[in-house]
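User: Hi! Could you walk me through this structure in plain words?
Analyst: Happy to, let's bring it up and go piece by piece.
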Number of protein chains: 2
Amino acid sequence: MISLEELQLAARNHGMPLESLRHELTPPGLHYLLVHYDIPVVDPAAWRLTVRGERELELSLDDLLAREPVTMPVTMECAGNGRARLEPRPISQPWLSEAVGTAEWTGVLLAPLLAEAGVGPDAVEVVFTGLDRGVEGGVVQDYERSLSMADALRDDVLLAYAMGGEPLLPQHGFPLRLLVPGWYGMTSVKWLTRIAATNEPFTGYQMTHGYRLRASEHDPGTPVTRMEPRSLMVPPGIPDFLTRRRFVEPGRVELEGRAWSGWGEVTEVDVSVDGGSSWSAAQLGAAPGPAAWRPWSFVWDAVPGDHELCVRAHDETGRSQPVEPPWNVGGYANNAVQRVAVTVA
Amino acid sequence: MISLEELQLAARNHGMPLESLRHELTPPGLHYLLVHYDIPVVDPAAWRLTVRGERELELSLDDLLAREPVTMPVTMECAGNGRARLEPRPISQPWLSEAVGTAEWTGVLLAPLLAEAGVGPDAVEVVFTGLDRGVEGGVVQDYERSLSMADALRDDVLLAYAMGGEPLLPQHGFPLRLLVPGWYGMTSVKWLTRIAATNEPFTGYQMTHGYRLRASEHDPGTPVTRMEPRSLMVPPGIPDFLTRRRFVEPGRVELEGRAWSGWGEVTEVDVSVDGGSSWSAAQLGAAPGPAAWRPWSFVWDAVPGDHELCVRAHDETGRSQPVEPPWNVGGYANNAVQRVAVTVA
């Protein structure tokens, strides 16, 4: 079913084991990771960040560390999460449902830096360039993404140099990455080396080919931006090694998990213990911050037999998770409800 | 080709991206990880280690931290590394070649603790029990492995509470794991809770069913123990996102990588730039410790065209890597030579 090429990606990149949903902040090494090309090795003493507006700033890591730090907990999810559950399956990193994590990120706000560089009235976008370089769709490229000027000037967009109070790990963008709360991870460019205002929309591969919701190969599609609502549960009981089916003893089982949406606050989480035939509201807890997941819990009176547990989040904008996967060419943003097979005995 | 069940495992567990071979010590989160069941959440204040010999010791984490610490760099590899390259493919975690990592582990020696607990003359093995629990091959079990008394009393077998100078991450066995240098990772039981000397060979699932080299389903086989020699290279140049094919500019290319064997020192590493038709010796560097990988380098004069780079390690015991994968039912210890497809242009 899955090709060798997809497996090569799955062996490099990794999701967050779902039992790690127990942690409000994902421990190092358990946060999901997607690297398009190779993880660069960066000498922090030699590294510089260029910020180009009407002027050009050149900043060392020490320059950034000397600025006012901002720390925020942010839930980040890969835009391709759920891809491997689509039919037909788009061929890329074959995520099931675990490409997510939450960390406390520390860095400096982007907007004041852009103001210092001077953004002219004609500037429409800001382009972010990473040090990771490779070939994709036949195009040799540095990994690059852009944001509209309005998005770039948001008061919560960060240039992050720390994760969980520690310098970024190499695989998470050391020494500096962009962090755009609420958006899928592809926009939070890692190993940042250049930020440049531009007077024309940026047409790089990752904007015009990758990360677009397209109904067919000929559809130009629309950009992938914010995270669709999703809830995941800690699979209860104990697993079978190979099938991951869960085994639970009869009686009171406290189901728990976390839910998020990049569009607004999660306002409701529903649980089904009968494969989606009926739904009941879970108890919601407080998120550690406006851009981080919300915990939920639900008491299940488990009776002997085979069951399929499901969970579904709704947000304040009225968005919720579909029962059937929403197909598109690139396999992005599949936020269909999670299903967990459980045997109670 | 790969089933959904194998993909579920590949999305949870992860290898070390091969460019991370640049690091002598693998950064946190990049060391390979295989978890049979779920990662337990352990309260370190409540956690105790029981050591049972003729007496029973009960040790807190503080008790262990108060003992003489020992630190050593150790290369650890999953016994299933290379499994997904076997034909027919044994169904389990589908590793390609990246299930490895090297860390500085700190802990206390096992042998003095066994001496304190008192190991009687009839004791033949020591059984190690983890807190991870699940179902495997139809058997409900705690993860358990044993060592012969001779192996358990080796002067380099550690109970490790730190990795890279930091407390173990949850996924690497917090608060304590066994560490048996030179052996495949399955024996270095994580989330250790009980150590018990026994007068009879232990017949648990992971000794008698899992981790045996078997020619057929009816062959009882032999135990998987030490790591076979293997060398891996940092794939040169830049990758294609999907195929991972490498693109390199013509001219002088310094190939580099690391090689290890659990049986003895790596004494030779050979590189082939023509798919294995001819081999040349690489330059070997010094290992950071007796149980850790050795760096190597090789200068390649890359000429335009498609090439297949290979690398092969030999150790002081005369063991070396085969060109053809060595098949067995469980898909263990496939140390066939690495092959890297490169286009020079």
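User: Let me start small: which residue in β2(A) is the bridge partner of A:V51?
Analyst: That partner is A:L57. Before we go on, this is a predicted model, where local features need pLDDT of at least 70, side-chain atom pairs count only at pLDDT 80 or more, and totals for chains, interfaces and linings use all residues. Residues are numbered from 1 along each chain as its sequence is written, while chains are lettered from A and ligands numbered from 1 in the order in which they are written.

User: Thanks. How do β1 and β2 of chain A pair, parallel or antiparallel?
Analyst: Strand β1 (residues 49–52) of chain A pairs with β2(A) in the antiparallel sense, over four bridges. Two strands pair here if DSSP finds at least two bridges between them. The element names come from DSSP runs numbered from the N terminus: helices are H or I with at least four residues, strands are E with at least two.

User: And what is the strand order in the open sheet of five strands?
Analyst: In chain A the order is β2-β1-β10-β5-β6, with mixed pairing. β2 (56–59) and β6 (139–148) of chain A are at the edges with a single partner strand each, so one side of each has no neighbour in the sheet. From one strand to the next, the twist averages 20°.

User: Which helix lies across β1, β2, β5 and β10 of chain A?
Analyst: Helix α3 (residues 110–117) of chain A does, and α3 runs at about 130° to β2(A). For that angle, axes are lines fitted to C-alpha atoms, for helices over the stretch in contact, and angles run from 0 to 180 degrees between N-to-C directions.

User: Switching topic: how is chain A divided into domains?
Analyst: Chain A has domain 1 (4–223) and domain 2 (230–344), with bounds from an automatic or database domain assignment. Their C-alpha centres lie 27 Å apart.

User: How many residues of each are in contact?
Analyst: 31 residues of domain 1 of chain A are in contact with 24 residues of domain 2 of chain A. Contact means that the C-beta atoms of two residues, placed from the backbone, lie within 7 Å. On the domain 1 side, β3 (70–77) and β11 (212–213) of chain A are the elements giving two or more residues, and β3(A) has the largest share, with four. By class, that side of domain 1 has 13 nonpolar, nine polar and nine charged residues. Here Ala, Val, Leu, Ile, Met, Phe, Trp, Tyr, Cys and Pro count as nonpolar, Asp, Glu, Lys and Arg as charged, and the others, Gly among them, as polar.

User: Now the two chains. How many residues of chain A are in contact with chain B?
Analyst: 47 residues of chain A are in contact with 47 residues of chain B. α1 (4–12), β5 (125–136) and β14 (238–239) of chain A each supply at least two residues of the chain A side, and α1(A) gives the most, with seven. That side has 26 nonpolar, 11 polar and 10 charged residues.

User: What turn lays chain A on chain B?
Analyst: A turn of 180° with a shift of 0.0 Å along the axis does it, at an RMSD of 0.0 Å. That is the relation of a two-fold axis. The copies were superposed by least squares on the C-alpha atoms of residues with pLDDT of at least 70 in both. Of the residues of chain A, A:G29 comes closest to the rotation axis, at 1.8 Å (C-alpha). The same surface serves both copies, since 100% of the contact residues of chain A recur in chain B.

User: Back to the first helix, but in chain B. Why is α1 of chain B largely enclosed?
Analyst: Because seven of the nine residues of helix α1 (residues 4–12) of chain B are buried. Buried means 20 or more other C-beta atoms within 10 Å of a residue's own, exposed means 12 or fewer, and partly exposed is in between, with C-beta atoms placed from the backbone. Among the buried ones are B:L7, B:L9 and B:R12. The buried residues of α1(B) pack against α1 of chain A.

User: Last one: where is the cis peptide bond in chain A?
Analyst: From A:F174 to A:P175, with omega near 5°. A:P175 lies in the loop between β8 (166–167) and β9 (177–179) of chain A.
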